[in-house]
Amino acid sequence: MFDIKTDTRKMPIEHHFNPYEMNGGTIVGVAGEDFAVIASDTRLSEGYSILSRENPHLYHVQPHTVMGSVGFHGDSLTFNKTLQIRLRMYEYENNKKCSTPAVAQLISTMLYSRRFFPYYVNTIVAGINNEGQGCIYSYDPVGSYEREVYRAGGSSSALIQPLLDSQLGLKNQGSFELSRSYTVKMSRENVVALVKDVFTAAAERDIYTGDAVFINIITKDGVFTEHFKLRRD
Amino acid sequence: MSERYGFSLTTFSPSGKLVQIEYALNAVAAGAPSVGIKATNGVVLATEKKQKSTLNDDRSISKIEPITSNVGMVYSGMGPDYRLLVKYARKLGQQYIQMYDDSIPTVQLVRRVADVMQEYTQSGGVRPFGVSLLIAGWDVDENVPYLYQCDPSGAYFAWKATAIGKNHINGKTFLEKRYSEKLELEDAIHTAILTLKESFEGQMNEENIEIGVCNKDGFRKLTPSEVKDYLATI
């Protein structure tokens, strides 16, 4: 029988340094015909504590490219810093800004370079490509990436992704067209309204998502911002 | 006598010289002229970019290069050696940002680049860089302009105004007469063009000279049409 007074002293206690930490947060990206939308909540957490209610997870890396990065905040920040340095080198050497598909590929190689001690982040890149189309790329922590129409990443991605499949992808809802399109045929206003709704829904059930949403709408004219309040519990 | 010790970089001559470095300086003195002038509100770099033949299409190749947002440089001497140093300098600039989250002060960048050049005078199997660099920068904290020269030996000097490359002695003499502490950037650009003109064979136009300026808004190269406007005023 287990005796708490004597048997606890016999058992070995392991201490181990954990290099990672879960700081929560959710990001959503949607690609339109001539725009791209990327949104993130602004809550930063650690365990059951809130570290900040005003910390967006979006990084404006090039004039027409925004990166969303959630997971371990330390890695988010460092990855962004390193990416900015690489993009500056690109600009000096090539005498031009880095296009969104090129940024996307660069991020993949940078993430994979840390294959054996990964950046603990879920990344989504949103932007306009050289043809003026909206594009979204999503990554796993070691750089596996794909261009998609829409993607949710982060702590409440499992709650949001099915909603996007239903409303944007119209999956298994009777459509017989094989869509090879990488963009959604919805207006900017409707996409933004949908994004606000999905975050409202996610904040209901995910404790790590809430406080506010930062939305970046990227068009050929630049990046526009919207701010939307969420429940703070 | 010195020539007997010219074969090896890592052997001093009896007079105390490293002859390879002397020869590297000769390579610089044979290169196209470059000029740098520090004004009260900025620095100007100018260089001759003569094409060897009318068939050359060097429009995409630049001699004056930005290194960081606030530092730029130009050279006289061997182009390929310069290319490498530009790459080194840019990386060193970014490494500083990564470590200190601040843009690199000009003298720090100059010291780091000069250290690279010195390395190539004290290593086996390498030769010194056949270039001298003129580095222009604006330090945001102090709000002052800087102009430095880096030599193949790894030595660096701060200048108010200088000329390197072919005819640099005449160039410096010309600048000694023309330079004043109260010079402003616009006048400095004018003076730089005149200094280049002293050694220029043929007609100067916006295609065969390059001009770069560094002021509180950072470093940038002038566009050919801006160069044309300045040429029209001389």
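Buried means under 20% relative accessible area, exposed means over 50%, and partly exposed lies in between. The exercises below concern a predicted model.

**Exercise 1.** Classify Tyr148(B) and Tyr156(B) by burial, then describe the geometry of their ring pair.

*Solution.*
1. Tyr156(B) has a relative accessibility of 35% and is therefore partly exposed.
2. Tyr148(B), at 9%, falls under the 20% limit, so Tyr148(B) is buried.
3. The ring centres of Tyr148(B) and Tyr156(B) are 6.3 Å apart, and the planes meet at 65°.
4. Planes over 60 degrees apart count as edge-to-face, and this is the class of the pair Tyr148(B) and Tyr156(B).

**Exercise 2.** Determine how Tyr20(A) and Phe72(A) are arranged, and where in chain A each one lies.

*Solution.*
1. The search of the whole structure gives 11 aromatic pairs over all chains.
2. For Tyr20(A) and Phe72(A), the centre distance is 6.1 Å and the angle between planes is 85°, so the pair is edge-to-face.
3. Tyr20(A) belongs to the loop between helix H1 (4-10) and strand E1 (26-31), while Phe72(A) belongs to the loop between strand E6 (65-71) and helix H2 (73-94); the two are 52 residues apart.
4. Tyr20(A) is buried at 18% relative accessibility, and Phe72(A) is buried at 16%.
5. Together with Phe117(A) and Tyr120(A), these two residues form one aromatic cluster.
6. Phe117(A) also has Arg114(A) over its face, 5.1 Å from the ring centre.

**Exercise 3.** Explain why Cys135(A) is in no disulfide.

*Solution.*
1. A disulfide is a covalent bond between the sulfur atoms of two cysteines.
2. The cut-off for the sulfur pair is 2.5 Å.
3. The cysteine sulfur closest to that of Cys135(A) is in Cys98(A), 12 Å away, which is too far for a bond.
4. The count over all chains is zero disulfides.
5. Cys214(B) is likewise unpaired, with the nearest cysteine sulfur, that of Cys150(B), at 15 Å.
6. Both Cys135(A) and Cys214(B) are buried, each at 0% relative accessibility.

**Exercise 4.** Characterise the second largest pocket by volume, lining and residue class.

*Solution.*
1. The volume is about 860 Å³.
2. The lining consists of 26 residues; among those nearest the pocket centre are Val149(A), Leu168(A) and Lys171(A).
3. Strand E9 (145-148), strand E10 (150-154) and helix H4 (157-167) of chain A each contribute at least two lining residues.
4. By class, the lining divides into eight nonpolar, nine polar and nine charged residues.

Key. Residues are numbered from 1 along each chain as its sequence is written. Chains are lettered from A and ligands numbered from 1 in the order in which they are written. This is a predicted model: local features need pLDDT of at least 70, side-chain atom pairs count only at pLDDT 80 or more; totals for chains, interfaces and linings use all residues. Side-chain values use heavy atoms; hydrogens and water are left out. Buried means under 20% relative accessible area, exposed over 50%, partly exposed in between (1.4 Å probe, protein chains only). On a 1 Å grid over the protein atoms alone, a cavity is a set of points where a 1.4 Å probe fits but cannot get out, and a pocket is an open set with protein on both sides within 12 Å along at least five of seven lines; lining residues have an atom within 4 Å of a point. Grid points are joined across faces, edges and corners, and a volume is the space filled by probe spheres set on the points. Helices (H or I, at least four residues) and strands (E, at least two) are DSSP runs, numbered from the N terminus. Ala, Val, Leu, Ile, Met, Phe, Trp, Tyr, Cys and Pro count as nonpolar, Asp, Glu, Lys and Arg as charged, and the others, Gly among them, as polar. Rings of Phe, Tyr and Trp (its six-membered ring) pair if their centres lie within 6.5 Å; planes under 30 degrees apart count as stacked, over 60 as edge-to-face and the rest as tilted. A charge sits over a ring if NZ of Lys or CZ of Arg is within 6 Å of the ring centre and within 35 degrees of the ring normal.
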